[in-house]
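Biologist: Can you pull up the model? I have a few things to ask about it.
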Amino acid sequence: MAKLQSLRGMVDVLPEQIGLWQQVESTARDHFARAGVAEIRTPVLETTELFARGIGEATDVVGKEMYTFSDRGDRSCTLRPEGTASVVRAAIQHGLLSQGPQRLWYGGPMFRYERPQAGRQRQFHQIGLEMLGFDSARSDVEAIATAWDLLQDLGVQGLVLELNSLGSAADRAHYREDLVAWLSARETLLDEDSQARLRTNPLRILDSKNKDTQALLADAPTLADALSPESLDRFAQVCSGLTALGIPFVLNPRLVRGLDYYSHTAFEITSDQLGAQATVCGGGRYDGLVEQLGGASTPAIGWAIGLERLVLLLSQLAPVTTDAPDLYLVNRGDQAQWSALALARELRQRGLRVELDSSGSAFGKQFKRADRSRSAWAAVLGDGEVEQGIVTLKALHPDTELPKEQILKLTEIDQLVSILSA
Ligand code: ATP
Ligand code: MG
């Protein structure tokens, strides 16, 4: 029989890697709590229409990357490829927006049918912030600072914040015309993908990874030249706000986000440690989305951090060590093994971390494992101890201030707990 394997691009996180993931998740939870951002959890499965309307048919995500299927009731369903559309749908559906501006965060798996490579999977994980009902330049700065500070809290180094303004919808419409006219005159010089985008999603050509196309674009009209005075002024406020907070950034006039609903501020946070998949965080303002999904016109800004890339960066730093147990329970003999199980359970109910050796092997072997567990104490239960109703505690840590060996009555649980928690 062929070996069962996970699907391509679907990755297991094993116990040895879980420490980093838990560290990221708990740091993020704490960071958002301090910033007054509430968590929201939405289903991983949504109607296909949500993403078609919310992301746009002309994007790669909707056009080629979605996991879409019909359920047993013949409804077209899609595994969420990103979080924003779902959060906005939920906010509209439950009337959250009528309660005033919302600062929300989410985390969880996303699904895109992409070519798997380092930092790119088919199931991957994001943590994201959505600030709904915020329109000031200050809120752009707040959103960016929340991402920047979270990454600083986690200790990720060498990050670069890249910033651009996509202007208003009207600015972009003008620019789109200029760009299409300019590129159409040079269509044969474009790569195949970009030629197709010329008709579907021309702004995305700016984002092309093709070297020749990039070279050609060096002389193309830029979005910055097409921005209205109001849009330029707004962008200047975002830039000076970041500077005032001491957050460094570089302007990148070619930065356009892959999704259609962005306007004004767009940003990415990148690392030079990640090879081709350099973007850890991407975000921007999406003033048109809530209305597009059937809500009242509501300005909004948000971002998403890709956790696999973040974990890759963190794994290059100091390893995360898991907490050592408070007690390693060495035990051997029929009676003793049952008593050890009962003792472990009782101590765990008292809040202690207890590792129970269940090998039944020689005491010497069990003590070697006790040492490896980094536990401060080992307790020995053999049938002899059980008969006498005692347990022998041995200090494994050289620095312990208590006697190296203590004999306690098995019934003196309180005393045991107080020694172990000292
Ligand atoms: P990229 O240009 O790398 O494809 P994107 O513009 O498609 O990124 P977003 O939709 O903005 O990405 O998602 C935000 C973040 O989620 C990315 O910056 C990245 O860190 C992460 N991400 C996106 N797609 C994947 C994937 N297939 N595997 C792992 N992480 C991903
Ligand atoms: Mg992508």
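Biologist: Which residues are closest to ligand 1?
Modeller: R112, E114, Q121, R257 and T279, out of 13 that surround ligand 1; a residue is near if one of its heavy atoms lies within 4 Å. This is a predicted model, where local features need pLDDT of at least 70, side-chain atom pairs count only at pLDDT 80 or more, and totals for chains, interfaces and linings use all residues. Residues are numbered from 1 along each chain as its sequence is written, ligands are numbered from 1 in the order in which they are written, and side-chain values use heavy atoms, with hydrogens and water left out.
Biologist: What does E114 do there, polar-contact-wise?
Modeller: A polar side-chain atom of E114 is 2.6 Å from a nitrogen atom of ligand 1. A polar contact here is a pair of N or O atoms within 3.5 Å. On the backbone side, T279 has a polar atom 2.9 Å from an oxygen atom of the ligand.
Biologist: How much of ligand 1 does the protein bury?
Modeller: 87% of the 580 Å² that ligand 1 exposes when taken alone, by the Shrake-Rupley method with a 1.4 Å probe.
Biologist: Switching topic: how many disulfides?
Modeller: The count is zero, a disulfide being a pair of cysteine sulfur atoms within 2.5 Å.
Biologist: Why is C239 too far for a bond?
Modeller: Because the closest cysteine sulfur, in C281, is 17 Å from the sulfur of C239.
Biologist: And the domains, how far apart are the centres?
Modeller: 49 Å between domain 1 and domain 2, taken over C-alpha atoms; the bounds come from an automatic or database domain assignment.

Conventions. Polar contact = N/O pair within 3.5 Å; in protein donor to acceptor, adjacent residues only side chain to side chain.
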